[in-house]
Amino acid sequence: MSQDSYLVVGGGDVGLATAVHLSSQGCLVYLFSRRYSVINKTKIVRSNGLFLPGNYPIAACFNDIQKIAAANDGKLPRNIIICCRGQDIESYASILGEYIHSQMNILIICASRFSGRVFGKVLYREFDIIETQLPAIADVNNSPFACRGNADDQVAIKRFKKQFKVAAQNSEMTERILVTYQSLFENLRPAISSLEVNLDKCNDIFHIPLILATLEKWELGESYNIYRGFSPRTGDLIADLDSDRLIIAKGLGFPNLSNMYDYFKTAYGTSGPSIYEHIHQIKALDNATVRNLHHRYLSEELPFGAFPLQVLARLVGVDTPFLDSCVTLGSKFVDEPLRWNAEFLELDTQWLDSQL
């Protein structure tokens, strides 16, 4: 049993699931959530899913990062797992920045592309932390869990995904992340580079077509499950959008990147000749309900996932008709500006070459 200390940042579904998972392995877990939670008083995260049911203790939970540091001798734990949406990554970097040092190992579980790069960019801009002084900052291509939060202190872990990939700024930093986290997450695997792991992210690829196919329900604020009741043609649109992602990856030097079929097979163990069949086999999605107009399946996936992917397409000079159509149509239904462009992300041919 480990007694290493870890800070989990984010009190959403994945944050609570991560706290449960670490606590179950004997880790000392601190939880930072910007919203008030009853965990502050109980020091317990409740798990009521198929995996790891029970009550799991944590060392402290606060919505003030200074209180987390005070509970840990004025510092933050050296190992930090950030579980958040793309629109939150900059604010979390600003909150954590004064405590960041080069020996930290930061794992970012976020569906948005280039979240690790944006995190480091904020540290430089606001705290003068130059690249050689950065901690290991790693992106993953996927969440380690399929989970749903039922309350501020309660989560249901429906399954552990079979595999998720990780990469930090360079091979040395990636190795540090693996040494720190692979014993805790047996399904963690290294990717070649940060570029590869960001190309390998797929949430936007299947969420955006599902939302666009049900825009009337989504815009009216109806409560419904986007994964159930969609048509095979919508599944074909997901495959078409994925083909654009693979064309971009090939143009950037990754001709063997996994397609959506392999993604579902690897993460969930599904099979079949169509995306439609794969999605309907995933029992963990049976109760995945969209309840509001600002759901991350569009408000996060489009500006922080599909749009940066389109930026890569422009840099490499390939045509992506399905991606372009989804970005154009979807942007009419989100309030978030599309600002993660090449200049903001500091994506250029020199950086791309370094990632190959």
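Is Asn72 buried or exposed? In this predicted model, Asn72 is buried, because its relative accessible area is 14% and the cut-off for burial is under 20%. The residue sits in the loop between α3 (65-70) and β6 (79-83). Its side chain makes a polar contact with the side chain of Tyr30, at 3.4 Å. Setting aside neighbours within four places in sequence, Asn72 is in contact with Tyr30 and Pro77. Tyr30 therefore appears both as the polar partner and in the contact list of this buried residue.

A second loop residue is Ala191. Ala191 lies between β12 (188-190) and α7 (194-199). With a relative accessibility of 11%, Ala191 also counts as buried. Beyond its neighbours within four places in sequence, Ala191 touches Lys165, Val166, Ala167, Glu196 and Val197. Met173 is 18 residues away along the chain, and its C-alpha atom is separated from that of Ala191 by 12 Å.

Now turn to the helices. An α-helix has 3.6 residues a turn, so residues three or four places apart point the same way. Helix α4 spans residues 89-96, and its buried residues are Ile89, Glu90, Tyr92, Ala93 and Leu96. Viewed down the axis of α4, these buried residues fall within an arc of 165°, so they line one face of the helix.

Helix α11 can be read in the same manner. Its buried residues are Met260, Tyr263, Phe264, Ala267 and Tyr268. Down the axis of α11 they fall within an arc of 90°, so they too line one face. What covers them includes the strands β9 (145-151) and β10 (154-160), along with the helices α8, α10 (232-251) and α12 (275-280).

Both ends of α11 have details to inspect. At the start, a side-chain oxygen of Asn259 comes to within 3.1 Å of the backbone nitrogen of Tyr261. After the helix comes Gly269, with a positive phi near 75°.

One of the covering elements, α8, deserves its own look. Two packed helices are described by the angle between their axes and the distance between the axes. The axes of α8 (residues 203-212) and α11 (residues 260-268) come within 10 Å and cross at roughly 105°. That crossing makes α8 roughly perpendicular to α11, because angles of 65 to 115 degrees count as such. From α8, the contact uses Asn203, Ile205 and Phe206; from α11, it uses Met260, Tyr263 and Phe264. By type, the residues of this contact divide into five nonpolar, one polar and no charged. Met260, Tyr263 and Phe264 are also listed among the buried residues of α11.

Note on methods. Residues numbered from 1 in each chain as written. Predicted model: local features only at pLDDT ≥ 70, side-chain atom pairs only at ≥ 80, totals over all residues. Heavy atoms only, no water. Axes fitted to C-alpha atoms, helices over the stretch in contact; angles between N-to-C directions. Helix = DSSP H or I, 4+ residues; strand = E, 2+ residues; numbered from the N terminus. Parallel < 35°, antiparallel > 145°, perpendicular 65-115°, else oblique. Contact = heavy atoms within 4.5 Å. Nonpolar A, V, L, I, M, F, W, Y, C, P; charged D, E, K, R; others polar. Buried < 20%, exposed > 50% of the residue type's maximum accessible area, 1.4 Å probe, protein only. Arc of directions from axis to C-beta. Polar contact = N/O pair within 3.5 Å; in protein donor to acceptor, adjacent residues only side chain to side chain.
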